[in-house]
Structures are given as structure tokens and as C-alpha cells.
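Please read this report alongside the sequence and the 3D view. It moves from a charged contact to the sheet, then to the helices and the pocket.

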Amino acid sequence: MGQSISRAVVDAFYKAYSEHDTDAVAQFLDDDVQWTISGPVDILPFCGTCRGKAAVLDLIGRQVPEVLRVTSIKHDMVLVDGDRVATLNRLWARRADDGRVISYRLAHFMRFRDGKVAEHLSLIDSFDAAEQVLGHPLDAHDEIKTDGRLIAV
């Protein structure tokens with residue numbers, strides 16, 4: 001385990017992040033940061049993994065806003081344990097192309113190194129997010145083909 005991170009540092013990072021202040025966010029990123037957003041890339045093209053401070057700042061400052069204008073992130077839970085942080089959140093945003101409001105849950109898992117974010121994993125409630133971004137419910141059962149045996153998904 002690395003150097004412990006304080007709750008104050010975590011709160012300051014999230015303040016900068018939620019205000020889309022890329023200059024302030026940059027102060028919290030390790031030069032070799034790995035940032036992963038797990039979600040449906042075909043619907044939310046900013047999902048995937050990027051490496052390095054410049055790539056993450058581009059993600060936060062350009063790629064995400066091209067799809068979603070995030071208006072708020074609220075923490076339901078925050079856990080700080082040594083150099084690790086886990087949060088359960090709700091995100092509110094407007095679609096960039098039509099302004100429709102969407103909201104979904106997501107979890108963040110971070111590892112800090114020398115007081116900076118070295119790893120960030122975001123797990124999106126992707127089914128809910130995809131339905132809201134698309135503007136209609138998804139019927140996941142239409143495409144499932146079976147040979148008559150029951151399939152548990």
C-alpha cells in the first residue's frame with residue numbers, strides 16, 4: 001500500500017472534476033495515470049481506457065462534453081482506505097445534441113500515488129445510461145437465440 005490519501009484531497013479532486021476545471025484536475029493527475037470508463041462505446045464513445053495526463057484531460061475537457069454536458073455528480077458513498085478510494089455516485093447531464101436530461105449511477109475506484117490519481121476506473125450503470133442516451137428502452141431479449149434450453153443472463 002502506498003501513501004495514505006486524505007479525504008480533503010479526495011474532496012478537492014472531485015470539486016475540480018465536477019466543475020470541469022481541467023487546469024485544477026491536472027494538479028491531481030499522475031503523469032502516467034490510467035483512466036478507464038466501462039460502458040457501451042457505441043453509445044458513449046468516450047468509454048474505454050486512456051493513459052497519460054494529456055489523454056485524460058482531453059477526455060474530460062473535450063470527449064465527454066461532445067456527448068454529455070455533465071451538470072452534477074453527487075456522492076452517495078465515499079470510502080477512503082490508504083491510497084485507495086471508492087465512491088458510489090449519481091451523475092446528471094444533458095445530451096450535447098438535444099439538451100435532454102439524463103441521470104445514471106456510477107461507481108469510481110481510484111488509486112493514488114504520491115497524492116495524485118494513478119488509476120481511475122468508472123463503472124457506469126450502462127444499461128440505464130444507454131436507454132436514456134438513446135431515448136428508448138432496450139429489449140435485450142430480442143436477439144437471444146437458444147436451442148430450447150434455458151439461458152440465465
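The side chains of K53 and D31 form a salt bridge, with 3.4 Å from N to O. This pair ties together distant parts of the chain. K53 sits in helix α3, D31 sits in strand β1, and 22 residues separate them. In total, the structure contains 13 salt bridges. Keep in mind that this is a predicted model.

**The sheet**

How are the strands ordered in the sheet? The order is β2-β1-β6-β5-β4-β3. These 6 strands make an open sheet with mixed pairing. β2 (48–51) and β3 are the edge strands. Each has a single partner strand, so one side of each has no neighbour in the sheet. From one strand to the next, the twist averages 20°.

Now the pairings. The table lists three antiparallel pairs.

| Strand pair | Bridges | Residues between the strands | Turn residue with positive phi |
|---|---|---|---|
| β3 and β4 | 12 bridges | 2 residues | G82, near 65° |
| β4 and β5 | 11 bridges | 5 residues | G99, near 80° |
| β5 and β6 | 8 bridges | 2 residues | D114, about 55° |

Individual partners help to set the register. Start with H75, which stands opposite N89 in β4. Next, L88 has A107 in β5 as its bridge partner. A107 in turn is bridged to L123 in β6. Side chains in a regular strand alternate between the two faces of the sheet.

**The helices**

Which strands does α1 touch? Helix α1 packs on the sheet and touches β1, β3, β4, β5 and β6. Its direction makes about 135° with that of β5. Helix α3 lies across β1, β2, β3 and β4. α3 runs at about 35° to β1. β1 is also the strand that holds D31, the salt-bridge partner of K53 in α3.

**The largest pocket**

Rolling a probe the size of a water molecule over the atoms shows where empty space is left. Here, the largest pocket has a volume of about 290 Å³. Its lining has 20 residues. Y17, V64, V70, I73 and L91 are the closest of them to the pocket centre.

Which elements supply at least two residues each to this lining? Two are helices: α1 (7–18) and α3 (53–67). The strands are β1 (29–38), β3 (68–81), β5 (101–113) and β6 (116–124). Among these contributors, α1 packs on the sheet, and α3 lies across strands including β1 and β3.

What is the chemical make-up of the lining? The residues divide into 15 nonpolar, 4 polar and 1 charged.

Definitions and conventions
Residues are numbered from 1 along each chain as its sequence is written. This is a predicted model: local features need pLDDT of at least 70, side-chain atom pairs count only at pLDDT 80 or more; totals for chains, interfaces and linings use all residues. Side-chain values use heavy atoms; hydrogens and water are left out. On a 1 Å grid over the protein atoms alone, a cavity is a set of points where a 1.4 Å probe fits but cannot get out, and a pocket is an open set with protein on both sides within 12 Å along at least five of seven lines; lining residues have an atom within 4 Å of a point. Grid points are joined across faces, edges and corners, and a volume is the space filled by probe spheres set on the points. Helices (H or I, at least four residues) and strands (E, at least two) are DSSP runs, numbered from the N terminus. Ala, Val, Leu, Ile, Met, Phe, Trp, Tyr, Cys and Pro count as nonpolar, Asp, Glu, Lys and Arg as charged, and the others, Gly among them, as polar. Two strands pair if DSSP finds at least two bridges between them. Axes are lines fitted to C-alpha atoms, for helices over the stretch in contact, and angles run from 0 to 180 degrees between N-to-C directions. Contact means heavy atoms within 4.5 Å. A salt bridge is a side-chain nitrogen of Lys or Arg within 4 Å of a carboxyl oxygen of Asp or Glu.
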